[in-house]
Amino acid sequence: MNDARLQSELESLQTEIAALRMANAALEQQMSLNAWQNDDLLRTLELQSNALREAGLRQANQSDFIQRVMDTTGALMILLGPDGHLRRINQRCSEILDVTGPQLDKRVLDEWLHPDERQALSDSLGQLPWPVHSPLFEAVHRAGTYTSEHRLLGGDAHYRHYWLEASIQYNQQGKEEGAVVCATDITPLKQQQERLHHSESLLREAQHIAHLGHWEQDLATSELTWSEEVCRIFELDADHCPPTFPILIDPVHPDDRAAINKAYLASQTVDKPITIDHRLLFADGRVKWVRKCFITHRDADDRPSRLVGTVQDITAERLIDEQLLLAASVFESSLNGILITDAGGRIIKVNQTFTEILGYSPEEVLGHKPGLFKSGYHDKDFYRKLWSTLKLAGKWQGEIWDQRKNGECVPLWQSISAVSDSEGHVIRYIGVFYDLSEQKRTAEHIHHLAYYDSLTDLPNRQLFTERCELALENVRRTHQLLAVLFLDLDRFKHVNDSLGHPVGDELLRAVAQRLKNILRHGDTVARLGGDEFIVLLDDVENLEIIEHVATKILEGFAKPFMAREHKLEIGTSIGISRYPEDGKDATTLIKHADLALYQAKEQGRGMFQFYDVRLTERAKERLFLESELREALVREELLVHYQPQYSLADDRLIGAEVLLRWHHSEHGIIPPDKFISIAEDTGLIVPIGEWVLQTACRQAKTWLAAGYDFQRMAVNLSGVQIERSDMLATVRQVLKDTGLPANYLELEITETYIMQQAQQNIRIMEDLRALGVALAVDDFGTGQSSLGYLKRLPVDKLKIDRSFIMDIPQDSNDMAITRAIIALGHNLHLTVLAEGVETAEQSAFLKELGCDEAQGYYYSRPLEAASYERFLKKRPASVA
Ligand SMILES: Nc1nc2c(ncn2[C@@H]2O[C@H](COP(=O)(O)O[C@H]3[C@@H](O)[C@H](n4cnc5c(=O)[nH]c(N)nc54)O[C@@H]3COP(=O)(O)O)[C@@H](O)[C@H]2O)c(=O)[nH]1
């Protein structure tokens with residue numbers, strides 16, 4: 001029998017019982033009012049009383065029946081009296097709520113309600129004018145029926161969830177009799193519901209974590225549902241944005257729309273999920289990557305009915321992919337070799353550059369340990385330190401020599417790093433390296449360039465100085481001697497200028513080789529530049545050994561040198577300084593050896609000379625002048641003076657000899673005797689001589705243009721100038737630049753120089769004469785002229801050296817020589833000029849001999865241009 005039927009039977013019984021009770025009450029009332037009535041009435045009453053007893057019995061039976069019926073239900077059945085107290089409960093209720101009969105009518109159901117709910121019920125009733133002992137009953141009473149979910153405290157002290165249905169009961173007269181409450185245990189349902197909620201929230205959380213949303217569309221109605229995560233991915237406000245398909249399509253990047261549409265269409269024809277990655281473009285320009293995966297389901301008629309899909313934000317993943325791709329391409333395209341090992345040191349990956357540097361393919365090394373490349377260059381200690389640093393600091397870097405597959409050793413610059421997992425355990429070692437070979441070669445090359453002379457491959461000044469300092473440190477301890485030998489080559493410039501630089505270079509190489517052959521292996525021989533060489537003798541026992549080495553060098557130079565096809569006789573001079581007496585450091589010793597070289601040269605070629613402090617003044621002065629002369633031209637300290645020249649026949653001023661002067665800013669006038677030889681040695685004579693030529697020609701042209709009777713400007717040429725410059729071109733250019741006609745220019749070349757290089761010089765002299773320039777042999781009588789050569793020389797004039805004139809008329813020899821020179825010159829049809837005429841006697845003597853021209857202090861000292869011009873103005877054509 002079901003609950004509803006029981007309920008209806010119970011209700012009819014109760015109605016019957018209520019009716020009987022009412023009848024009984026009426027009878028009793030009647031009896032009390034009519035006590036006096038007759039026995040019939042009593043009998044009737046008894047009969048009625050019996051009937052009532054029977055009815056009560058029946059009622060009791062029915063009540064039992066109701067109880068049994070109530071007990072058959074699994075729900076809690078509670079009958080409440082009109083005052084809301086419990087009147088009857090079923091077996092189940094008694095067990096669950098642990099409540100028994102005697103106190104039943106004193107208790108209300110609210111006692112078992114959860115306090116929160118009891119409070120909530122009470123609150124919902126508000127303030128009532130009568131006392132409320134059962135808010136629950138009051139709530140039922142207020143509405144007549146009541147349904148709600150409540151928790152009731154069980155006898156086991158646990159609350160369980162119940163679905164409460166209650167209704168007020170009325171008797172047949174419509175009077176309120178109480179209420180019936182049926183409480184169905186919904187705890188399992190509740191638990192299931194909670195589990196469901198929990199699952200749903202887990203799903204939501206999982207979707208949130210995975211950035212994965214799901215959606216579903218009913219293709220018949222187009223109705224769309226989506227999960228919260230979809231809104232988050234599409235950045236939609238879930239509360240104000242009902243799911244529609246256009247919302248899913250709108251933010252798709254325009255470039256990806258075609259692909260998306262194509263995929264949706266495709267999904268309708270296949271019965272497997274379709275996956276597509278595409279971009280979402282937001283209004284602010286941001287781009288998100290999403291991965292959509294969807295499938296179309298079909299109905300029983302095989303028509304597409306539902307589109308179900310997921311959408312996942314894969315922006316971060318994509319970024320990682322891009323970074324991984326980048327990392328992979330960096331790994332592969334790195335110019336560094338890269339090697340990755342596992343924690344056990346076994347190679348798990350190498351890149352292309354690794355293979356290029358070490359020659360092993362990946363297959364040949366994977367699974368091996370880097371010990372495979374050991375070159376044997378490093379000892380065990382090296383590797384021990386490497387590993388201990390790696391373990392302590394997590395990284396190591398340094399130079400390491402490995403062996404290529406072909407057996408070659410290769411220097412590498414290695415950086416090794418340990419990679420650890422989140423728990424700090426090393427999981428990988430990454431070695432990054434590059435080949436140092438080229439760098440080392442370059443460094444060696446740079447070192448060689450910095451420390452060695454590129455022409456001879458001898459150490460240069462820098463290396464020599466460093467070695468000298470080292471050697472000095474050593475001899476300070478050993479108290480031995482140390483010597484520096486400074487030498488240069490005689491006439492090297494001449495070789496260079498006359499035979500060309502390639503021959504000069506070859507000669508320097510040959511000299512370097514010879515010096516190396518002469519000296520011991522441990523001695524240092526260096527080239528300082530030009531034709532200067534320097535030798536270091538260290539740990540020398542005594543002076544004799546130094547002298548012996550110097551002599552050996554000089555003797556070594558006695559043999560000619562071969563430079564190309566030329567056999568060259570080249571001498572040298574040597575200056576020597578010693579530690580400790582001549583200097584305590586390399587720079588001083590080198591400087592003093594250089595000074596000693598000057599001293600050696602002053603003694604004559606092919607000598608060696610120890611540094612002597614007393615003899616250095618001249619050498620120092622020479623060094624000073626050498627450095628100052630380089631600046632003289634720039635500082636415009638050079639000037640020229642003009643010494644008048646006269647025709648003896650008529651005492652007529654015919655021209656001037658140009659004489660160079662150096663007006664030093666601090667030291668005043670420096671005479672040419674002091675600096676011409678320096679200018680020649682340094683080659684400075686070339687620019688200086690050109691400047692003199694320019695100045696003189698421009699001045700001559702000025703005087704000519706001014707209308708003076710000026711016939712000749714005599715300019716001195718140095719032999720070095722002739723050898724080291726293109727004299728012909730220079731003269732031609734100067735005449736062109738200044739506009740001076742060539743026949744106003746006379747070039748003076750010393751007899752000594754002409755005779756030294758007679759053969760070669762004849763050609764140059766001929767060319768110069770061909771320009772129209774006159775040539776004079778200067779200082780005639782001091783050189784050893786061969787008459788044969790003299791005859792062939794293309795010259796116009798002989799200038800008798802001042803030394804033959806100065807002692808006239810006291811020295812009869814000089815007078816005889818002067819006479820002979822004048823005769824010789826005239827025989828060769830040359831003009832003869834006497835230099836250094838200081839007295840009237842000398843002038844008269846020369847006139848008597850028929851000497852053509854003269855110059856000297858008797859006529860005038862060399863003059864500045866302005867003074868000479870006054871001479872020209874005052875005495876335009878003859879001596880006063
Ligand atoms: N290559 C070049 N050499 C030059 C140039 N300028 C000068 N020199 C040479 O320098 C040497 C010294 O010259 P300087 O001191 O100028 O002496 C000259 C005259 O001043 C001097 N002289 C002239 N007359 C007299 C005299 O009566 N008495 C006397 N004691 N000295 C006198 O003689 C020098 C001229 O010599 P020379 O050239 O031989 O005619 C000297 O060798 C110059 O050549 C130059 O530009 N380039």
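**Close-up views of a predicted model**

**Figure 1. Polar contacts to the ligand in the predicted model.** A polar atom in the side chain of Gln643 is placed 3.0 Å from a nitrogen atom of the ligand. Oxygen atoms of the ligand also face polar side chains: an N or O atom in the side chain of Asn716 is 3.2 Å from a ligand oxygen, and a polar side-chain atom of Asp778 lies 3.1 Å from an oxygen atom of the ligand. Taken alone, the ligand exposes 810 Å², of which the protein buries 84%.

**Figure 2. The shell of residues around the ligand.** The ligand is surrounded by 22 residues, and those that come nearest are Asp779, Arg802, Glu835, Glu838 and Tyr857. By class, the shell comprises 9 charged, 8 nonpolar and 5 polar residues. Strand S24 contributes the largest share of this shell, with 4 residues.

**Figure 3. Packing of helix H16 against helix H17.** Two packed helices are described by the angle between their axes and by the distance between those axes. For H16 (residues 492-499) and H17 (residues 501-518), the angle is about 140 degrees and the axes are 6 Å apart. On the H16 side, the contact is made by Phe492, Val495, Asn496 and Leu499; on the H17 side, His501, Val503, Gly504, Leu507 and Leu508 take part. The residues of this contact divide into 6 nonpolar and 3 polar, with no charged residue.

**Figure 4. The surroundings of Asp488 in strand S16.** Asp488 belongs to strand S16, which spans residues 481-489. Its relative accessibility is 8%, under the 20% limit, and Asp488 therefore counts as buried. The side chain of Asp488 is joined to that of Lys601 by a polar contact of 2.5 Å. Leaving aside residues up to four places away in sequence, Asp488 touches Asp531, Glu532, Gly571, Thr572, Ser573, Leu597 and Lys601. Lys601 thus appears both among these touching residues and as the polar partner of Asp488.

**Figure 5. Gln169 in strand S4.** Strand S4 covers residues 159-170 and contains Gln169. With a relative accessible area of 12%, Gln169 is buried, because this value is under 20%. A polar contact of 3.2 Å links the side chain of Gln169 to the side chain of Ser167.

Notes:
Residues numbered from 1 in each chain as written. Predicted model: local features only at pLDDT ≥ 70, side-chain atom pairs only at ≥ 80, totals over all residues. Heavy atoms only, no water. Near = heavy atom within 4 Å. Polar contact = N/O pair within 3.5 Å; in protein donor to acceptor, adjacent residues only side chain to side chain. Areas by Shrake-Rupley, 256 points an atom, 1.4 Å probe, with all protein chains shown as cover. Helix = DSSP H or I, 4+ residues; strand = E, 2+ residues; numbered from the N terminus. Nonpolar A, V, L, I, M, F, W, Y, C, P; charged D, E, K, R; others polar. Axes fitted to C-alpha atoms, helices over the stretch in contact; angles between N-to-C directions. Contact = heavy atoms within 4.5 Å. Buried < 20%, exposed > 50% of the residue type's maximum accessible area, 1.4 Å probe, protein only.
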